Amino acid sequence: MRLSEYFLTTLKEVPKDADIVSHRLMIRAGMIRKLASGIYEFLPFGLRVLRKVENIIREEMDKAGGQELYLPALLPKELWEESGRWDLYGQELMRLKDRNNREFCLGPTHEEVITDLVRKEVRSYRELPKILYQFQMKFRDEIRPRFGVMRAREFFMKDAYSFDADEKGAEKTYQKVFNCYNEIFKRCGLKFRAVEAETGAIGGSFSHEFMVVADTGEESIVSCECGYAANIEKAELGKGEREKTTEKEKPMEEVETPDMKTVEEVGRFLREPEKKFIKSLIYEYGESRLVMVLVRGDYGINEAKLKKYLGVNEVVLAGEDKIKEFTGAPLGFAGPVGLKDADIIADYSVEGLVNGISGANKKDCHMKNINPGRDYKPAAVLDLRNPAEGDVCIKCGRKLSFSRGIEVGHTFKLGTKYSKALKADFLDSDGKEKPFIMGCYGIGVSRVVAAAIEQGNDEKGIIWPVAIAPFHVMVVPVKYDDSRIREVSDKIYSDLSEAGYEVLI
Ligand code: ATP
Ligand code: MG
């Protein structure tokens, strides 16, 4: 390809709204252009990279026994009602109506469509297992589209779905795709890590997120030398080492703390460290129900764990009015003493806290020397916090390390969630109708491109892994007008091209 003929416009200046390096470089290198918030055009230079990632994925998926198909992007509401997700998906689902007022959405993912197809086409256990996949534009009305194609509203995904007759088969299929994903990201030249992700009711290690290691990643990961790695949201923590203390329980004491609402302010005033505090947060969940959640002052509550315990999809911190109603005091002075035990749950970290400090449920007052068991009894004590520096691995007890990552892929053993909802059954060898056991597996192809740049760049620009570089060689003739130089450069160009290199002159 001749640069002079190529549709390539590069930019010297740094685009204003591009806040991470991959976004800046993709725009400057003429790979992408923005059409609207979270909606991007891939230009020839960018598309070359996208296609290379796509081809690697396709080759590896085929090797793993996958079969490519192509499903519609415009999906009828009825199918989404069958799974219950028309209501559940919320505002991320792009909804629209046709001329007859029939409702549709633009597919953000395709479990419903594929399950519908397979329930109509596959009858017998003899036709199983099947791994079906596609490449397609997905649509999600993200709350905060950002970082260019990394979190876009229209993006290119490879999504795969597997169908098995029994658990054992499904686990084998999962392992196959899991290995295939490792191969894909290795071939793309990325530094990555597969981390355990939330499995909900399924249990076992049947959900993994593939993270490209990068400081700008949106995800926090904890990992251990023993091989354990998890998304910070999902990292399990044990009871931990109870801090050994010889401190005797002292009588409770109320102290005046005028206008001091935060752990920091009260800590400074009382000259006590954060870890002496019982952070008492009030959450609203379900139908206006309230619960007080306790965690040690230097830790943060993990809302994913809280939601799982409460069995709800959403929790929010209660507003001032609700707090007042619940504790009798304004915001900033809540504590467990004097509340109903049933309304309190606690993280393991407060269990061994001798002579703790918390709000007194009274304006401008805190309570000193609070002791669990004696002064309050939470209805449940469990793992409810985020990991922090110094925490140890649940598997082996060694210290956890912290890093950041970009989620480029996700594998999930779905079980019978969609096959049951959509009544997708097959006839098993014992002559009985059974629901398919499913798995789903996604890769954000356009996100992989951005993640590769996030990992490979310096002050001069992008450093491509060769497997996904837009071109292999660039011939730069210094004085192309000189007929001898022109002749030699053109020869180098054509020789290299003939030898199978992708060359830009
Ligand atoms: P995230 O937590 O980043 O929102 P997700 O859990 O919603 O991701 P999945 O539904 O598992 O993502 O989608 C599969 C893959 O698609 C993700 O691993 C990611 O690589 C990619 N992806 C998801 N959302 C976007 C987006 N808005 N823009 C670009 N790629 C995305
Ligand atoms: Mg998402």
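## Reading the labels in a predicted model

S162 has its place in strand β8 (residues 154-164). The model discussed here is predicted.

User: Why is S162 called buried?

Analyst: Happy to take that one. Buried stands for a relative accessible area under 20%. S162 has 2%, so the label buried applies.

User: What makes the pair S162 and Y441 a polar contact?

Analyst: The cut-off for a pair of N or O atoms is 3.5 Å. The side chains of S162 and Y441 come to 2.7 Å, so the pair is within that cut-off.

User: Which residues does S162 touch, leaving aside those up to four places away in sequence?

Analyst: They are K130, I131, T173, I437, M438, G439 and Y441. Y441 is also the partner in the polar contact.

User: Let's turn to charged pairs. Why is E183 with K186 called a salt bridge?

Analyst: A salt bridge needs the side-chain nitrogen within 4 Å of a carboxyl oxygen. For E183 and K186 the closest N and O atoms are 3.6 Å apart, so the pair qualifies. Both residues lie in helix α6 (residues 167-187), where they are three residues apart, about one turn of the helix.

User: What makes K186 exposed and E183 partly exposed?

Analyst: Exposed begins over 50%, and partly exposed lies between 20% and that value. K186 has a relative accessible area of 54%, so it counts as exposed. E183 has 32%, so it counts as partly exposed.

User: How do you know that E209 and K234 form a salt bridge?

Analyst: Their closest N and O atoms are 3.2 Å apart, and the limit is 4 Å. This pair links distant parts of the chain: E209 belongs to strand β10 (residues 207-213), K234 to the loop between β12 (229-231) and β13 (253-256), and the two are 25 residues apart.

User: Is E209 buried or exposed, and what is K234 called?

Analyst: E209 is at 4% relative accessibility, under the 20% cut-off, so it is buried. K234 is at 22%, which falls between 20% and 50%, so partly exposed is the label.

User: What makes R398 and E225 a salt bridge, and which parts does the pair tie together?

Analyst: The closest N and O atoms of R398 and E225 are 3.3 Å apart, and the limit is again 4 Å. R398 sits in the loop between β20 (380-382) and β21 (401-415), while E225 sits in the loop between β11 (219-223) and β12, so this salt bridge connects parts 173 residues apart in sequence. R398 is partly exposed at 39%, whereas E225, at 69%, is exposed.

User: Which residues do salt bridges with shared partners join into one network?

Analyst: R51, E54, R58 and E68. The whole structure has 41 salt bridges.

User: Now the strands. How do you know that β14 pairs with β15?

Analyst: Pairing takes at least two bridges. Strands β14 (residues 278-285) and β15 (residues 289-296) have eight, in the antiparallel sense, so they pair. One of the bridge partners is L294 in β15, matched with S280. Three residues lie between the strands of this hairpin, and G286 takes a positive phi near 55 degrees.

User: What makes β14 a partner of β16 as well?

Analyst: Three bridges join β14 to β16 (residues 315-317), with the strands running antiparallel, and two would be enough. Y283 stands opposite L317 in β16.

User: Why is β14 called mostly covered?

Analyst: Six of the eight residues of β14 are buried, that is, under 20% relative accessible area.

Key. Residues are numbered from 1 along each chain as its sequence is written. Chains are lettered from A and ligands numbered from 1 in the order in which they are written. This is a predicted model: local features need pLDDT of at least 70, side-chain atom pairs count only at pLDDT 80 or more; totals for chains, interfaces and linings use all residues. Side-chain values use heavy atoms; hydrogens and water are left out. Buried means under 20% relative accessible area, exposed over 50%, partly exposed in between (1.4 Å probe, protein chains only). Helices (H or I, at least four residues) and strands (E, at least two) are DSSP runs, numbered from the N terminus. A polar contact is a pair of N or O atoms within 3.5 Å; within protein, one must be able to donate a hydrogen and the other to accept it, and residues adjacent in sequence count only if both atoms are side-chain atoms. Contact means heavy atoms within 4.5 Å.
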